[in-house]
Amino acid sequence: MGSEKYAGKMVLAPMVRVGALPMRLLALDYGADLVYCEEIIDRKILITTRTENAVLGTIDYIMSDGTVVFRTCPREKDSVIFQMGTSDPKRALAAARKVEKDVAGIDINMGCPKEFSIKGGMGCALLSQPDKIKQILTTLVEGLSIPVTCKIRVLPELEDTITLAKMIETTGVAALAVHGRTRDERPRHKNRNDVIKAIVESLSIPIIANGGSKEIFEFGDIERFRMATGASSVMIARRAEWNCSIFRKEGKLPLYDVIKAYLTYAFQYDNNDINTKYCVLQMMHEDMDRLEGQKTLTIKTNEEISEVWGMKAEYQQFLQDRKRQSDTLQDLNSDSHQGFKRRKAADGLPLIELPLYFDKKCYLPAKSPKQSLHEWCFRCNYNHPLYKTEEHSRDRTFNSRVLVDGKWYTTPLWQKRKQYAEQAAAMCCLLTHGEHDGRVKEPDDQTPELRHKWHQIASSVNHGINSALPDGQANGEKSAVVLDTSEVSDNSTAVAEETNS
Ligand SMILES: Cc1cc2nc3c(=O)[nH]c(=O)nc-3n(C[C@H](O)[C@H](O)[C@H](O)COP(=O)(O)O)c2cc1C
């Protein structure tokens, strides 16, 4: 069920416009354990295309007009909760399945009092339809491999609230977030901490208390709010929107430092200009008479914001980095990559390929590439290399791949012997990492310059893609570049799988 994920946690609340990637990463930097994205309507995510953006190192869900509906990155994979607006179990499941592999959990918004939500049968409208709630949550719990939660508001009557919360618990949700205000109450109304407490006492799943921003001023107040509600976890919206460093156990940072840290992420991740401006203005809400606040009001783009906040050089640097990364990836897609290829293997792991042929006369019997690879893996604390070999049924040639540290290495060339095919795969792994493969003589088809070039390309791909994206997912649209994405199959037969120990 995944309840432990929600116990004893500090949580960044879902917030439209605010809860995009830059704010979520900032909250994680400052100490939040879980970060909710802004509410995204199921229909909307369903019409997006999932794209791995190799330039930014993000996973983007993009509409056909280029609008990024949801952008995430591997760093937050275990902490980001995808909050959805829905009124239909099947559609909710389809939408959740679409993002399931990129997020840590799915949350259903049952607290939004806005007209568009209510009219669509979503948000608060669900609170008066327990059967619908049950259908949606059980469908999700049964159909997903990640935890499911929901976020509700309290009902006017305590008894009704408890009945609803208990019913929600029976659906198998991992936790329940409760905003202690009713549908008709506004932020100025007192949060009903006592109602949250009563829910906590009636349920056994973790309750995430929400609605305390007006009583949370410093880090220590988070625990005070938690105690007042008796909840397991605390979810903060406005106080974090105003100064996200509220999550820092060492104490809040000066607002301008927080704004600049936020802008750094906004520039790095090419955040939507309107969102960036909105967030900065929200952070400045009590200081709007200051020059930076006034100037931010009048401008539109991230670039202009960078000027106002004295961060132009940093902004330009991100642009340059992006351009360089884009050029490198373009280069890899062209002929200049000397046969280096990276694609996704059928098992989803990255597969790296170099056009290598094992030439026995270049090695001493006691120091083969396989032997060298085995020693290198031992030094690096990796598991034994795992070899997998295919035999071409027509001409009895062999092709091997070797699995090292979660990546496959291979060559497109086929060898007359299985042993040699394995040696070639081992060569690929070692050369990719700039390691010596034991050769005593340079093979005819390689020069030290070529080997150097391969290593350079591999390093730049590892830097740009491996570090940023889940392994083996290197494609994308727009600024991203598609390396080969699918496994090539032929009429060969797998003949062996063994470790070299
Ligand atoms: C700018 C903003 C946007 C919000 N968007 C969402 C949302 O997308 N989904 C949601 O469940 N609640 C949303 N909320 C409500 C908050 O998550 C939270 O329930 C409410 O602000 C009370 O918590 P607080 O006292 O910590 O602010 C939003 C609140 C704000 C201020």
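Here are some short exercises with worked solutions on the structure above.

This is a predicted model: local features need pLDDT of at least 70, side-chain atom pairs count only at pLDDT 80 or more, and totals for chains, interfaces and linings use all residues. Residues are numbered from 1 along each chain, following the sequence as written.

**Exercise 1: The whole chain**

Find how many helices and strands the protein chain has, and what share of its residues is buried.

Step 1. Start with the elements, where helices (H or I, at least four residues) and strands (E, at least two) are DSSP runs numbered from the N terminus. The protein chain has 17 helices and 18 strands.

Step 2. Next, set the burial scale: a residue is buried if 20 or more other C-beta atoms lie within 10 Å of its own, exposed if 12 or fewer, and partly exposed in between, with C-beta atoms placed from the backbone. Of the 501 residues in the protein chain, 46% are buried.

Step 3. For the overall dimensions, the C-alpha trace spans about 85 × 55 × 40 Å along its principal axes.

Step 4. Finally, turn to contacts, meaning pairs whose C-beta atoms, placed from the backbone, lie within 7 Å. Among contacts in the protein chain between residues at least 6 apart in sequence, 68% join residues at least 24 apart.

**Exercise 2: Around the ligand**

Work out which residues come nearest to the ligand and how its shell divides by residue type.

Step 1. A residue is near the ligand if its C-beta atom, placed from the backbone, lies within 6 Å of it. There are 22 residues around the ligand, and Ala13, Glu39, Ser213, Ala237 and Arg238 come nearest.

Step 2. Helix H9 (residues 238–242) gives the largest share of this shell, three residues.

Step 3. To sort by type, count Ala, Val, Leu, Ile, Met, Phe, Trp, Tyr, Cys and Pro as nonpolar, Asp, Glu, Lys and Arg as charged, and the others, Gly among them, as polar. The shell then divides into eight nonpolar, eight polar and six charged residues.

**Exercise 3: Two helices that meet**

Describe how helix H3 (residues 89–99) and helix H5 (residues 130–143) cross.

Step 1. Two packed helices are described by the angle between their axes and the distance between the axes.

Step 2. The axes are lines fitted to C-alpha atoms over the stretch in contact, and angles run from 0 to 180 degrees between N-to-C directions. The axes of H3 and H5 come within 8 Å and cross at roughly 35°.

Step 3. A crossing is left-handed if the near helix is turned anticlockwise from the far one by less than a right angle, and right-handed if clockwise. H3 passes H5 in a right-handed crossing.

Step 4. On the H3 side, Pro89, Ala92, Leu93 and Ala96 take part, and they meet Gln135, Ile136, Thr139, Leu140 and Gly143 of H5. This contact divides into six nonpolar, three polar and no charged residues.

**Exercise 4: Buried positions**

Is Ala95 buried or exposed, and which residues does Ala95 touch?

Step 1. Ala95 lies in helix H3. Ala95 counts as buried because 25 C-beta neighbours lie inside 10 Å.

Step 2. Leaving out residues up to four places away in sequence, Ala95 touches Asp42, Ile45, Leu46 and Met84.

Step 3. Now try Ile106, in strand E8 (residues 105–110). Ile106 is buried, with 28 other C-beta atoms within 10 Å. With the sequence neighbours up to four places away set aside, Ile106 touches Phe82, Met84, Ala96, Leu140, Leu144, Ile146 and Val148.

**Exercise 5: Helix H10 and two positive phi values**

Follow H10 to Asp270, then look at the setting of Asp405.

Step 1. H10 has 14 residues and reaches 20 Å from its first C-alpha to its last, close to the 20 Å expected at 1.5 Å a residue; the expected span is 1.5 Å times one less than the number of residues.

Step 2. Val258, Ile259, Tyr262, Leu263, Ala266, Phe267 and Gln268 are buried in H10.

Step 3. Asp270 sits in the loop between helix H10 (255–268) and helix H11 (273–283). Its phi is near 50°, a positive value in a residue other than glycine. Asp270 is buried, with 22 other C-beta atoms within 10 Å.

Step 4. Asp405 is found in the loop between strand E16 (398–404) and strand E17 (407–410). Phi of Asp405 is near 50°, again positive in a residue other than glycine. Asp405 is partly exposed, with 13 other C-beta atoms within 10 Å.

Conventions:
Two residues are in contact if their C-beta atoms, placed from the backbone, lie within 7 Å.
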